[in-house]
There are 4 protein chains.
Amino acid sequence: MRKIPVGILGATGIVGQQYIQLLQNHPWFEITWLAASERSAGKSYAEAVHHRWLLHIPIPEAIANVKVHSVEDASEAKKHCDLVFSALSGHEVEQIEENHAAAGLWVFSNASAHRKTSDVPILIPEINSHHLAIIPRQRQRRGWNTGCIVVKPNCSIQSYLIPLYALHKQFKIKRAIVTTFQAVSGAGHPGVASLDVMDNVIPYIPGEEEKSEWEPLKILGEIKGDAIEPLSSMVFAAHCNRVPVLDGHMACVSAEFEKKPALEEILHVWQNFRGAPQEQSLPSAPEQTIVYRHEHNRPQPRLDRNTHRGMAVTVGRLRSCPVFDVRFVGLSHNTVRGAAGGGILNAELFISSREH
Amino acid sequence: MRKIPVGILGATGIVGQQYIQLLQNHPWFEITWLAASERSAGKSYAEAVHHRWLLHIPIPEAIANVKVHSVEDASEAKKHCDLVFSALSGHEVEQIEENHAAAGLWVFSNASAHRKTSDVPILIPEINSHHLAIIPRQRQRRGWNTGCIVVKPNCSIQSYLIPLYALHKQFKIKRAIVTTFQAVSGAGHPGVASLDVMDNVIPYIPGEEEKSEWEPLKILGEIKGDAIEPLSSMVFAAHCNRVPVLDGHMACVSAEFEKKPALEEILHVWQNFRGAPQEQSLPSAPEQTIVYRHEHNRPQPRLDRNTHRGMAVTVGRLRSCPVFDVRFVGLSHNTVRGAAGGGILNAELFISSREH
Amino acid sequence: MRKIPVGILGATGIVGQQYIQLLQNHPWFEITWLAASERSAGKSYAEAVHHRWLLHIPIPEAIANVKVHSVEDASEAKKHCDLVFSALSGHEVEQIEENHAAAGLWVFSNASAHRKTSDVPILIPEINSHHLAIIPRQRQRRGWNTGCIVVKPNCSIQSYLIPLYALHKQFKIKRAIVTTFQAVSGAGHPGVASLDVMDNVIPYIPGEEEKSEWEPLKILGEIKGDAIEPLSSMVFAAHCNRVPVLDGHMACVSAEFEKKPALEEILHVWQNFRGAPQEQSLPSAPEQTIVYRHEHNRPQPRLDRNTHRGMAVTVGRLRSCPVFDVRFVGLSHNTVRGAAGGGILNAELFISSREH
Amino acid sequence: MRKIPVGILGATGIVGQQYIQLLQNHPWFEITWLAASERSAGKSYAEAVHHRWLLHIPIPEAIANVKVHSVEDASEAKKHCDLVFSALSGHEVEQIEENHAAAGLWVFSNASAHRKTSDVPILIPEINSHHLAIIPRQRQRRGWNTGCIVVKPNCSIQSYLIPLYALHKQFKIKRAIVTTFQAVSGAGHPGVASLDVMDNVIPYIPGEEEKSEWEPLKILGEIKGDAIEPLSSMVFAAHCNRVPVLDGHMACVSAEFEKKPALEEILHVWQNFRGAPQEQSLPSAPEQTIVYRHEHNRPQPRLDRNTHRGMAVTVGRLRSCPVFDVRFVGLSHNTVRGAAGGGILNAELFISSREH
């Protein structure tokens, strides 16, 4: 199989770097295009990223000398690749991503710009692969030929939404209160100052609680006409906190169901949970998306964030809740499953679904 | 006024050391008796504590050469002091504390041994100073002459129970879900291994959730006959977590009321909250027990734990809760207000109430 | 005594904030002037500093509503104060400080801009108070009437130079190798990213080793004509490292002397060391500048940085060195003694010397 | 090739666990014997290690049900394996290791018990593979038939001794001053209390400086008769410090040579350095033992400790030293190269040398 040529928008930032790392030796995708802001355009990747290369491995040799282009050059990008991963941040993300879609590219985005756009799916392959059905309407409505935009949710959501969704199918969730413990890498680099977070917890992350409460409802929603209509029968309250942890977002969850499940039923559901990535054997699929740890003090960010190469959600401490029905702790790797790894899994699902 | 001679049981441990620090220059109390395990008995305090002195100040000179006695010598203790602070831990705490009460001493304890004992009050002076009324019945029932036992609650509780209680009086709390972020000093020394908690969160503290859910109900309960009967109209769910913070326990709280208060009403209640420590001008009383911070990202453990010398509870982020009525973040210093400082405040309340 | 009116240049930054904190209730100085960049000029101090107030205490009420001026307004500053503390950083510091001196103000600076200027003394009051004798020549040469510039050294130096100087007087130091462990607060705010320094050490601080090797020689030098000539008989090698510590710079030192002292002699010298701050009873003088800890594992940044309100240097682990003569560990608080506290002590020495 | 059956003494501790992890899928060795203290003997490995399993992977299934024996059963051990790795600590290590050697086993030890024993080599394969020649004399002198004892050095040494040795061969080192930044995992589990090391540095590790100064001299020494005679022409001074880092010991080094090398010569020597592991293609050999990083701020523990699976030494910041000739920073993974990985490499060298 010829590999699909892919590009990275925002290639020099921390998420862009992770895309480069995770796409090394990818069986389906090959990096052929790197783009960043005007400041970097024209330089080699190694020059452009310079002292801001943050990964533990050196810059891959095949990438170091690749020329960085401007994110403005959407039509030029289309000549070099079919698909772009957007690791953009900042003000004009919305327009740049639309330009690339209009140029005929499949845009898989980590940015929040399009999450509230009604015809753009927020995709978690294990949950709402059927939302890809909105793509033809997205194209028709916007006059795009082959291009499209698919986004992934905020990085804090995976740790609790996937285990809750697995239960929702059978027991219907009514409401849940979620308190997050979020790693500093979630804020990018330089991100959180050491003077602010060492020996400390910061009980506030701008915009995070609103995203953590709303995005799950769209993910669990249904396509109605040209739009994805958020679920209205469920309500979340999120307390989002920054803790002195490098990687791995953890969440303490209390949930109430329409039909209260027994703890054994829940364990059974989680242990047998399989989604589109496993069914379609996607290259980046975790062996199991939900991994339950029976030890009394797990999951823990440092010990569990790399489960199944950072693509699994680790869950533990399932017990009954004196206020709601049950409570548990969930954990996922915010810069793998919650960022570049999640974006790549979305693209794999899209390619795989397209082919069948 | 002649100072009241006081002793410290478990004087060599971390909480014992804090009692020594906080009682330096105390206007009412003077340390005249130090007791610890058999291993330390007979040594000078400096010898007994040796390399395990953990405070930032050196051992006070007036204490360094004081002889340490055995915690078994209750009757000898009574010859040297009227009141003992128990900073004991381990297996025989219950019996040792009762021996001292039987010998005629007022025992103010940090230990959990007697918290479930029905005729022993768990005292937070701002909340249940009226529970001191059980002392005469405690004495009568047990055949104690002047002695008694009063305990303080688990260190995690202050951060959320005091602000909730202030509201409960007016709006009646039905239920609350609390997620704690607890400092490593809560586990004593050596306590939590650095290998376990650095770059990590541990979502489990043995016994902590049960205490955090039950103790508030006893504190808010009423004396019925010889016993304090826990409140039954309220229910708590606690998720207790250890975070890499040195001092200061923080809690994220969502609460539901019988009568939903407006946010302004809540602020008004908190800002005007005064309790027995302020009314009776107790020496260790914080100027204000509840300090509200209006910044969007407070309270934070490192910045706010020392508010009013570590005796206040700092609260922030009051906002409505999509699931319950309101939510907020509370913080208190676990080794000051939550340990030695809380024990001293209890003793001050007892002395003050006795005199009026 | 009427207090001397003082100003702070760069009042909104982290060092400026520390000046404000340390000058609260100062017996000699009263803040009457706050200046910062054009961006802040015209706002109240509370507005200008906004979310960037980093201290554990709130902004002092007497300061919150003070209007912030531009650092360009040197002549206006002179109408409101006699002395300015410069907590400036960035490009034009050199010129701004000279403008204030030219306007007749005594400038006490934390900035590095003038450290290499030959007629500007780098002052550590315990070491080179006699360097104040260059001030008349500085004025004459530059045509300044009453103004002058005095600077303090880089924040890492105090921890090793003061204990070495105490020995140098008697035993002549030939050379020393110094390895520093520097706190993140030394880089200001936001400064060091948490992603860079958590679970890590960064063995490089831009410009720091050069300053740590050269500045001591100027401090120990002698006035020759219009210039301070650095000492040439001594040589330092510095390895400077950033460690995940909030405050307190520590140094491991191996030193060689012309005349090798016995360890007891060294202890004797340190314990009896007194300098100008003690002799002249300056308000910010530590009770003892060098505090020796006999425990085998001290000094430690967290335990010892606040010794004598952060103005002392704590020393420990004196032992012989198999390669040179002796070795030891030194520690000083980088944002108190090493920044605002050191600047205030310099100003106190200047005022005190002037009066006698 | 049939795999060599190996045992692990002290299999339940943190170093024992690392042996288990690193020996999974080892091409030459197969674990057939696990031994620990009497307390664990008779239990399955999973039972014995219980809550003290510290690695990020679960206990390998093939090991979980293996029965743990007593470290006293040396003769029984010999029936099940040819070689044992000793991850023992505590008082009777010396005798237990000798019992196993007397029973005919090849003992490769991480313990310090035998490092000062004159006929036991302290082996770093890249440096002193020729010290294996003392084994026949060790056997003869002690009446051992096939058994022997080989030890690895203290975990802090690799980071500076390997790069210094590479230079020593050509330029003869006279003296060096080394300051270490050692990770908390070096103290085992529970090891360093979080209350002691968070936001702190501890400038003392019991016994560490003496080992760091003496062991290199034995490693660089020569066999004379039945003993390894330490080198006497070189002298080290070590300042050993504990820093809040999980894994990876770093060292700042200043060194003086008989014949001062140019910096380019040093880089050349390091880049071309190869030792016995590479020459004999040992399975655990790093591709390159010394990896030089040209960035101005490397090596860093978190970024570089895993270079070549934790078996390489990463070096950086080579520059001239104003006091000695040159200075640099070295780093090695203390629990891989400095513990279990180093022990396995020693055993591989022994097996490989034996076969040729």
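Here are some notes on how the chains of this predicted model meet, plus a look at one histidine.

1. Start with the B–A pair. Chain B and chain A each put 50 residues into their contact, and together they bury about 3800 Å². Carbon and sulfur atoms account for 57% of that area. If you want names to click on, try B:Asp199, B:Arg302 and B:Val323: this trio supplies 17% of what chain B buries against chain A, more than any other three residues.

2. There is a good deal of charge and polarity to look at here. Eight salt bridges turn up across the interface of chain B and chain A. One that I would check by eye joins B:Asp199 to A:Arg305, with the closest N and O atoms 2.9 Å apart. The count of residue pairs in polar contact across the interface of chain B and chain A, both partners at pLDDT 80 or more, is 27.

3. Which elements of chain B give two or more residues to the side that touches chain A? On the helical side they are α9 (194–197), α10 (208–219) and α13 (301–304). The strands are β7 (173–182), β10 (235–242), β11 (249–257), β13 (313–320) and β14 (326–332). By class, this side of chain B has 29 nonpolar, nine polar and 12 charged residues.

4. Now the symmetry of that pair. Chain B lands on chain A after a rotation of 180° with 0.0 Å of shift along the axis, and the RMSD is 0.0 Å. The two copies are therefore related as by a two-fold rotation axis. The interface residues agree: 100% of those in chain B are also interface residues in chain A, so the copies meet through the same surface.

5. Next, the D–B pair. This contact takes 18 residues from chain D and 18 from chain B, and the buried area is about 1400 Å². Carbon and sulfur atoms give 73% of it. Three residues carry much of the load: D:Leu195, D:Met198 and D:Leu246 supply 47% of the area that chain D buries against chain B, more than any other three residues.

6. What about charge and polarity between D and B? The salt-bridge count between chain D and chain B is zero, while four residue pairs are in polar contact, again with both at pLDDT 80 or more. Helix α9 (residues 194–197) of chain D gives the most to the side that touches chain B, with four residues. The residues on this side of chain D split into 12 nonpolar, four polar and two charged.

7. Symmetry for D and B: a rotation of 180° with 0.0 Å of shift along its axis puts chain D onto chain B, at an RMSD of 0.0 Å. D:Ser194 is the residue of chain D that comes closest to the rotation axis, with its C-alpha at 2.0 Å. Both copies use the same surface, as 100% of the contact residues of chain D recur in chain B.

8. Last, A:His333. You will find this residue in the loop between β14 (326–332) and α14 (336–355) of chain A. Is A:His333 buried or exposed? Its relative accessibility is 6%, which falls under the 20% cut-off, so A:His333 counts as buried. The side chain of A:His333 reaches the backbone nitrogen of A:Thr335 at 3.2 Å. Leaving aside residues up to four places away in sequence, A:His333 touches A:Asp247, A:Gly248, A:Arg305, A:Asn306, A:Gly310 and A:Gly338. One of these, A:Arg305, is the salt-bridge partner of B:Asp199 from point 2.

Technical notes
Residues numbered from 1 in each chain as written. Chains lettered and ligands numbered in written order. Predicted model: local features only at pLDDT ≥ 70, side-chain atom pairs only at ≥ 80, totals over all residues. Heavy atoms only, no water. Contact = heavy atoms within 4.5 Å. Buried area = accessible area lost by both parts, 1.4 Å probe. Salt bridge = Lys/Arg side-chain N within 4 Å of Asp/Glu carboxyl O. Polar contact = N/O pair within 3.5 Å; in protein donor to acceptor, adjacent residues only side chain to side chain. Nonpolar A, V, L, I, M, F, W, Y, C, P; charged D, E, K, R; others polar. Least-squares fit on C-alpha atoms with pLDDT ≥ 70 in both. Buried < 20%, exposed > 50% of the residue type's maximum accessible area, 1.4 Å probe, protein only.
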